[in-house]
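Let's take a friendly walk through the charged side chains of this structure. Have the viewer ready and follow along.

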Amino acid sequence: MTPLRQEHPADMTPSTAEPGTPAEPVVRPAPHRWLWYAFGGRLPARHRSWVLYDTTTDSWWARHVARSLVQMTIPIAAVMTLIPADWGLRAACAGGGVFLAMIYSLAYMNETVEHRVVKAGYPAGTAQAVRDRGSSVRQRAESERKRAAAAKRAARYRDRMGR
């Protein structure tokens, strides 16, 4: 398992948790492969580390929502073109479908993401573990920042009071 950096989604370079651990290159899939992946397909093995990156980066939830919206394009297009009714009714049906689909998609977001990671060849629970590890690192950094700010405020207060 290779944990990936969480700084910026455009930065697609892997990092390792322990020095000396080999890192897999993160290879972004081509647009047609990404569409296949968005519809639930399995990517080739060379995209394995990208799947882990996709499901553990800071924007993993937004990426999940984007994949869900892509999955809804075909049914929504069918509703908008095939229902013999006013455009307003078609749009209302499509909107209701999107609303309901998003409720289900968000309710089962963690399970769906874990399933993608398992299909890429990682053990179940890997995505959540990587996200938790990244979260604890960010939380420690934030706590350290707040401690330093509190110490700075205390020093200013002591200086003003002449202590």
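Start with Arg156, which counts as partly exposed because its relative accessibility is 44%. Keep in mind that you are looking at a predicted model. Arg156 sits in helix H6, which covers residues 126-161. Together with Lys152, Arg153 and Arg160, Arg156 forms a positive surface patch.

Stay in helix H6 for a moment and look for a charge pair. Glu144 and Arg147 are joined there by a salt bridge between their side chains, at 2.7 Å from N to O. The two are about one helical turn from each other, because they lie 3 residues apart in helix H6. Glu144 is partly exposed at 48% relative accessible area, while Arg147, at 51%, counts as exposed; the cut-off for exposed is over 50%.

Now turn to another group of charges. How many salt bridges does a search of the whole structure find? The search gives 5. Asp54, Arg63 and Arg67 are linked by such bridges into a network. Asp54 meets Arg63 with an N to O distance of 2.8 Å, and Asp54 also bridges to Arg67, where the closest N and O atoms are 2.5 Å apart. The pair of Asp54 and Arg67 connects distant parts of the chain: Asp54 belongs to helix H2 (residues 48-56) and Arg67 to helix H3 (residues 60-82), with their positions 13 residues apart.

Are the members of this network buried or exposed? Asp54 is buried, with 1% relative accessible area. Arg67 is buried at 1%, and Arg63 is buried at 16%, because buried means under 20%.

Technical notes:
Residues are numbered from 1 along each chain as its sequence is written. This is a predicted model: local features need pLDDT of at least 70, side-chain atom pairs count only at pLDDT 80 or more; totals for chains, interfaces and linings use all residues. Side-chain values use heavy atoms; hydrogens and water are left out. Patches are made of residues with over 30% relative accessible area and no salt bridge: like charges are joined within 9 Å, nonpolar side chains (Val, Leu, Ile, Met, Phe, Trp, Tyr) within 5 Å. Accessible areas come from the Shrake-Rupley method with a 1.4 Å probe; for residues, only the protein chains shown count as cover. A salt bridge is a side-chain nitrogen of Lys or Arg within 4 Å of a carboxyl oxygen of Asp or Glu. Lys and Arg count as positive and Asp and Glu as negative; His and the chain ends are not counted. The place of a charge is taken as NZ of Lys, CZ of Arg, CG of Asp or CD of Glu. Helices (H or I, at least four residues) and strands (E, at least two) are DSSP runs, numbered from the N terminus. Buried means under 20% relative accessible area, exposed over 50%, partly exposed in between (1.4 Å probe, protein chains only).
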